[in-house]
Amino acid sequence: MQPQAEMRSPMCPYPFRVLEIAEEMPRCMTMRVAPDDATGDTAFAPGQFYMIYVFGHGEVPISTSGDPAKSGELTFTVMAVGSVTQALCALKQGDVIGLRGPFGRAWPVDLVKGRDVIVMAGGLGLAPLRPSIYHMLSNRNDYADLALLYGTRQPQSIIFRQTLAHWREDAPIDVEVTVDTAGRDWPGKVGVVTELLMGRRPDPSKTSALICGPEIMMRFSAYALMELGIAAENIYVSMERNMKCAVKMCGRCQYGPFFVCADGPVFAFNQVEQLFRIREL
Ligand SMILES: Cc1cc2nc3c(=O)[nH]c(=O)nc-3n(C[C@H](O)[C@H](O)[C@H](O)COP(=O)(O)OP(=O)(O)OC[C@H]3O[C@@H](n4cnc5c(N)ncnc54)[C@H](O)[C@@H]3O)c2cc1C
């Protein structure tokens, strides 16, 4: 008998096989994986994450970066920063990993229906945001104006180039990209991501924002949006903390009164604004 989804233990990894793994930039890979047996489920909400177990190395939390409407497979984008993520990035097609999840609170894609949505991404932060954009584009009539403002270090560190080009040319979303530094051959904008807000006049009564990137980028972006009148409760950020269990037990990801694994990773900015001010928390 096959276990039903509700009978599955959240602590038990299920086998998934790598279908494809491709380099986004040096040390950063995007991989598509599919359940290796009938026990694997692939339903998730945009912004949720999985615990990925690389056999012989360990387990790490990684957000989904693919289209939530695509069933039968999952996509992850991973930056190699330490032992487990290096092992993940070194996987080859056909290798098997263990997955448990999905975990965590998702981007509020239902709550922001009917509103203008500004998505602000910094660096690899575009990865956990991409599923929310896929979702909003698939349900385009549910939303008013959509904008993606994406900032990264340099032209070489732009991820999801094909997706961005497609959205820019063919999708009903306003896409702007900027880089911190570039050579003369870069035809685009240079500057930090908050500069992409200049000249925009969002209507605070009907605008929400989703932000993901390094904490300093999220902080400056949230304050820039608040200066434009958008309330902290309509701005959402996704937090990262070291975590082990992902089920609100081990306490490693505790963030003030919250557990990032279960109360987050997505928070309304008014929930965490005070915590953002505390250094090293
Ligand atoms: C909810 C969530 C979603 C995430 N999504 C992604 C994703 O989509 N793609 C991706 O590449 N990474 C993501 N991460 C970060 C990823 O989990 C860490 O990079 C990974 O755990 C590092 O493990 P390691 O063994 O490779 O490195 P380690 O040796 O454990 O760490 C290497 C360095 O990274 C720091 N570090 C480790 N984990 C974190 C963390 N969670 N936050 C901040 N610093 C950390 C360590 O302090 C150390 O300096 C996510 C983290 C969380 C909590």
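1. Helices and strands here are DSSP runs, numbered from the N terminus, with at least four residues for a helix and at least two for a strand. Counted that way, the protein chain has six helices and 15 strands. Keep in mind as you read that this is a predicted model.

2. Let's start with the overall build. The protein chain has 281 residues and a radius of gyration of 18 Å; a compact globule with that many residues would come out near 19 Å, so the two agree. Along the principal axes, the C-alpha atoms fill a box of roughly 60 × 45 × 40 Å. Buried residues account for 39% of the 281.

3. How far along the sequence do contacts reach? Take the contacts between residues at least 6 apart in sequence: 70% of them join residues at least 24 apart.

4. Now the domains. The chain is divided into domain 1 (5–103) and domain 2 (116–238), and their centres, taken over C-alpha atoms, are separated by 25 Å. Their contact takes 14 residues from domain 1 and 13 residues from domain 2. On the domain 1 side, β1 and β5 are the elements that give two or more residues. That side divides into six nonpolar, six polar and two charged residues.

5. Where does the ligand sit? It lies between the domains, because domain 1 (5–103) and domain 2 (116–238) both give residues to the shell around it. In total, 21 residues surround the ligand, and the closest are V60, S63, G82, V84 and T85.

6. Which elements build that shell? At least two residues each come from β4 (58–63), β5 (74–79), α1 (83–89) and α2 (126–138). The largest share, four residues, belongs to β4. By chemistry, the shell around the ligand splits into 13 nonpolar, six polar and two charged residues.

7. Have a look at the largest nonpolar core too. It holds 71 residues, and the ones touching the most other members are I52, V119, A209, I211, Y236 and V237. This core also lies between the domains, since domain 1 (5–103) and domain 2 (116–238) both give residues to it.

8. V237 is a good residue to click on in that core. Setting aside residues up to four places away in sequence, V237 touches I211, M218, A222, F267, F269 and V272. One of those partners, I211, is also listed with V237 among the core residues that touch the most other members.

9. Is V193 buried or exposed? It sits in the loop between β10 (189–190) and β11 (207–212). V193 has 27 other C-beta atoms within 10 Å, and the cut-off for buried is 20 or more, so V193 is buried. Not counting neighbours within four places in sequence, V193 is in contact with M120, G122, L149, G151, T178, M217 and S221. As for G151, it is 42 residues from V193 in sequence, while their C-alpha atoms are 4.7 Å apart in space.

10. For a contrast, try E23, which is placed in strand β1 (residues 14–25). E23 has 10 C-beta neighbours inside 10 Å, so it counts as exposed; the cut-off for that label is 12 or fewer. E23 and I159 are 136 residues apart in sequence, yet from C-alpha to C-alpha they are 9.3 Å apart in space. Strand β1, home of E23, is also one of the elements giving two or more residues to the side of domain 1 that touches domain 2.

Key
Residues numbered from 1 in each chain as written. Predicted model: local features only at pLDDT ≥ 70, side-chain atom pairs only at ≥ 80, totals over all residues. Near = placed C-beta within 6 Å. Nonpolar A, V, L, I, M, F, W, Y, C, P; charged D, E, K, R; others polar. Domains from an automatic or database assignment. Rg over C-alpha atoms; globule rule 2.2 N^0.38 Å. Contact = placed C-beta atoms within 7 Å. Core = buried A, V, L, I, M, F, W, Y, C linked by C-beta atoms within 7 Å.
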